[in-house]
Amino acid sequence: MQENTSYNISSEISSKINKWLAKFPIDQKKPAIIYALHLIQHETKYIKSEHVNAVADFLGLKKIDVYEVASFYSMFETEQVGKHTISVCTNVSCMLNGSDEILKYLEDKLKIKVGDSSEKYFLKDERECLAACCGAPMMQVNHKYYENLTKEKIDSIIDGLENER
Ligand code: FES
């Protein structure tokens with residue numbers, strides 16, 4: 001996890017965290033850690049130590065409580081990654097429907113290996129089942145699901161990302 005300047009949680013994010021906290025007993029702040037980190041990562045693309053510190057301060061928790069969550073869950077990135085995160089499911093249903101070929105096609109197209117990142121794309125380590133087996137083979141791009149993948153469909157998805165501003 002990279003060090004360390006300070007980070008101020010925006011009023012928009014703090015308001016969302018406070019709404020979430022209102023669902024729990026007043027002395028229970030830990031249920032907001034995942035949500036707070038998720039909101040920050042959505043803004044910053046990955047979690048740095050200043051984000052961990054800011055969440056701990058905001059919730060009145062120990063930094064280790066927040067760090068443990070950030071470093072445990074695979075949905076949080078703690079190193080700098082490319083702008084677009086792509087996760088190809090290679091679990092059983094997807095594997096039986098050609099996910100290995102899909103993953104290889106993406107690696108060749110993006111010129112990165114699974115687990116690696118370029119400035120623009122992060123091809124995340126292979127995931128367990130992403131709970132869209134009926135649409136296998138599938139992938140997530142920035143948390144959006146794309147199902148029944150073909151090479152042509154991948155070309156169209158990547159073209160869309162390339163043409164984004
Ligand atoms: S095995 Fe790929 S979504 Fe379930």
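**Figure 1. Two domains in a predicted model.** The domain assignment splits the protein into domain 1 (11–72) and domain 2 (84–162). The model shown is predicted. The C-alpha centres of domain 1 and domain 2 lie 29 Å apart. Along its principal axes, the C-alpha trace of the protein spans about 50 × 30 × 25 Å. Seven helices and four strands make up the secondary structure of the protein. Read from the N terminus, the elements run α-α-α-α-β-α-α-β-β-β-α.

**Figure 2. The four-stranded open sheet.** The strand order is β2-β1-β3-β4, and the pairing is mixed. β2 (121–123) and β4 (144–146) stand at the edges. Each has a single partner strand, so one side of each is left without a neighbour in the sheet. From one strand to the next, the twist averages 25 degrees. Strands of a sheet pair through backbone hydrogen bonds, in either the parallel or the antiparallel sense.

**Figure 3. The pairing of β3 with β4.** Strand β3 covers residues 139–141. β3 and β4 pair in the antiparallel sense, over three bridges. Which residue of β4 is the bridge partner of Q140? The partner is Y145. β4 (144–146) is one of the strands at the edges of the sheet.

**Figure 4. Helices across the sheet.** Two helices are shown here, α6 and α7. Helix α6 (residues 99–110) lies across β1 (84–88), β2 and β3. Its direction is at about 155 degrees to β1. Helix α7 (residues 151–162) lies across β1, β2, β3 and β4. α7 runs at about 10 degrees to β3.

**Figure 5. The largest pocket.** Rolling a probe the size of a water molecule over the atoms shows where empty space is left. The largest pocket holds about 440 Å³ of space. It is lined by 17 residues, and the closest to its centre are Q41, M75, T85, N142 and H143. By type, the lining divides into four nonpolar, nine polar and four charged residues. Where does the lining come from? Domain 1 (11–72) and domain 2 (84–162) each give at least three residues to the lining. Among the elements, α2 (33–44) and β1 each supply at least two lining residues.

**Figure 6. The cis bond before P137.** The peptide bond from A136 to P137 is cis. Its omega is near -5 degrees. P137 lies in the loop between β2 and β3. Most peptide bonds are trans.

**Figure 7. Positive phi at K45.** K45 lies in the loop between α2 and α3 (49–59). Is its phi positive or negative? K45 has a positive phi of about 80 degrees, although it is not a glycine. Most residues other than glycine have a negative phi. The helix before this loop, α2 (33–44), also supplies at least two residues to the lining of the largest pocket.

Key. Residues are numbered from 1 along each chain as its sequence is written. This is a predicted model: local features need pLDDT of at least 70, side-chain atom pairs count only at pLDDT 80 or more; totals for chains, interfaces and linings use all residues. Side-chain values use heavy atoms; hydrogens and water are left out. Domain bounds come from an automatic or database domain assignment. Two strands pair if DSSP finds at least two bridges between them. Axes are lines fitted to C-alpha atoms, for helices over the stretch in contact, and angles run from 0 to 180 degrees between N-to-C directions. Contact means heavy atoms within 4.5 Å. On a 1 Å grid over the protein atoms alone, a cavity is a set of points where a 1.4 Å probe fits but cannot get out, and a pocket is an open set with protein on both sides within 12 Å along at least five of seven lines; lining residues have an atom within 4 Å of a point. Grid points are joined across faces, edges and corners, and a volume is the space filled by probe spheres set on the points. Ala, Val, Leu, Ile, Met, Phe, Trp, Tyr, Cys and Pro count as nonpolar, Asp, Glu, Lys and Arg as charged, and the others, Gly among them, as polar.
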